[in-house]
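Could you walk me through this model, stop by stop? I have the viewer open and would like to know what to select next and what is there.

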Amino acid sequence: VVEHLLPRSGHALDVACGRGEAAVWLALRGLQVWGIDVSPVAIALARELAAQAGVTDRCRFEVVDLDGGLPAGPPVDLLLCHLFRDPGLYEAMVDRLAPGGVLAVAVRSEVDGETGPFRAPAGELDVAFGHLDMLAEDEEGGRAWIVVRRPQ
Ligand SMILES: C[S@@+](CC[C@H](N)C(=O)[O-])C[C@H]1O[C@@H](n2cnc3c(N)ncnc32)[C@H](O)[C@@H]1O
């Protein structure tokens with residue numbers, strides 16, 4: 001749905017990348033991707049996936065515990081955070097964007113879903129990221145996602 005909004009060149013950071021499916025897909029599209037996740041098993045699988053796809057030169061995967069904050073790094077043209085929620089990281093995620101960089105975040109939401117500590121209350125992504133240029137957003141069926149761009 002949002003593929004056309006995502007850059008095809010430059011650097012990407014995939015926060016809580018899991019097994020690397022999205023990171024490898026981004027690398028195949030042309031991005032240089034850094035994927036981070038707390039799970040060594042997931043990171044091993046992500047490295048394997050990148051090797052199978054022939055994009056090891058465009059992917060770097062590392063075990064990182066985001067409870068310690070976003071690791072330091074250069075500004076990125078795309079920051080992806082798919083189905084991992086830590087509102088404490090939102091400001092750092094915005095700060096990591098290069099001018100014109102795109103931020104894509106998807107979380108489980110309380111809207112039409114269950115409530116609980118792992119779900120975003122209604123409007124959370126809007127409050128956190130709505131001051132950037134809005135490219136697309138939706139919040140229904142227990143999911144919320146947003147794609148925004150940092151102004152040049
Ligand atoms: C639902 S999965 C989503 C994975 C991937 N983004 C995707 O969409 O397929 C959530 C991921 O967050 C990771 N995670 C959970 N807590 C974390 C933490 N403190 N630091 C880094 N990663 C964490 C898990 O290991 C898991 O891979």
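The tour below goes from the ligand to two pockets and ends at a pair of strands.

**Stop 1: the ligand**

Before you start, keep in mind that this is a predicted model. Select the ligand and the 13 residues around it; Ala16, Asp37, Asp65, Leu66 and His82 come nearest. If you colour this shell by class, you will find seven nonpolar, three polar and three charged residues.

Now turn to the polar contacts. Show the backbone of Ala16, where an N or O atom lies 2.7 Å from a nitrogen atom of the ligand. Next, pick Val38: a backbone N or O atom there is 3.1 Å from a ligand nitrogen. For His82, display the side chain instead, since one of its N or O atoms sits 2.5 Å from an oxygen atom of the ligand. Switch on a surface for the ligand as well: on its own it has 600 Å² of accessible area, and the protein covers 70% of that.

**Stop 2: the largest pocket**

Keep His82 selected and add Val2, Ala22, Leu80 and Ala106; of the 26 residues that line the largest pocket, these five lie nearest its centre. The space in this pocket comes to about 520 Å³. To see which elements build the wall, colour α1 (21-29), β4 (76-82), β5 (97-108) and β7 (143-149), each of which gives two or more residues to the lining. The most comes from β7, with five residues. Coloured by class, the lining shows 18 nonpolar, three polar and five charged residues.

**Stop 3: the second largest pocket**

The next pocket has a volume of about 180 Å³. Select His11, Ala12, Val33, Trp34 and Arg60, which are the closest to its centre among the 14 lining residues. Then highlight three strands, β1 (11-15), β2 (32-37) and β3 (59-63), as each supplies two or more residues to this lining. The classes here are nine nonpolar, three polar and two charged.

**Stop 4: the β6–β7 hairpin**

Finally, go back to β7, the strand that gives the most to the largest pocket's lining, and select β6 (residues 133-140) with it. The two strands run antiparallel and are joined by seven bridges. For one pair to look at, pick Met134 and find its bridge partner in β7, Val148.

Which residue in the turn has a positive phi? Look between the strands, where two residues separate β6 from β7 in the hairpin: Gly141 has a phi of about 60°.

Technical notes:
Residues are numbered from 1 along each chain as its sequence is written. This is a predicted model: local features need pLDDT of at least 70, side-chain atom pairs count only at pLDDT 80 or more; totals for chains, interfaces and linings use all residues. Side-chain values use heavy atoms; hydrogens and water are left out. A residue is near a molecule or strand if one of its heavy atoms lies within 4 Å of it. A polar contact is a pair of N or O atoms within 3.5 Å; within protein, one must be able to donate a hydrogen and the other to accept it, and residues adjacent in sequence count only if both atoms are side-chain atoms. Accessible areas come from the Shrake-Rupley method with a 1.4 Å probe; for residues, only the protein chains shown count as cover. Ala, Val, Leu, Ile, Met, Phe, Trp, Tyr, Cys and Pro count as nonpolar, Asp, Glu, Lys and Arg as charged, and the others, Gly among them, as polar. On a 1 Å grid over the protein atoms alone, a cavity is a set of points where a 1.4 Å probe fits but cannot get out, and a pocket is an open set with protein on both sides within 12 Å along at least five of seven lines; lining residues have an atom within 4 Å of a point. Grid points are joined across faces, edges and corners, and a volume is the space filled by probe spheres set on the points. Helices (H or I, at least four residues) and strands (E, at least two) are DSSP runs, numbered from the N terminus. Two strands pair if DSSP finds at least two bridges between them.
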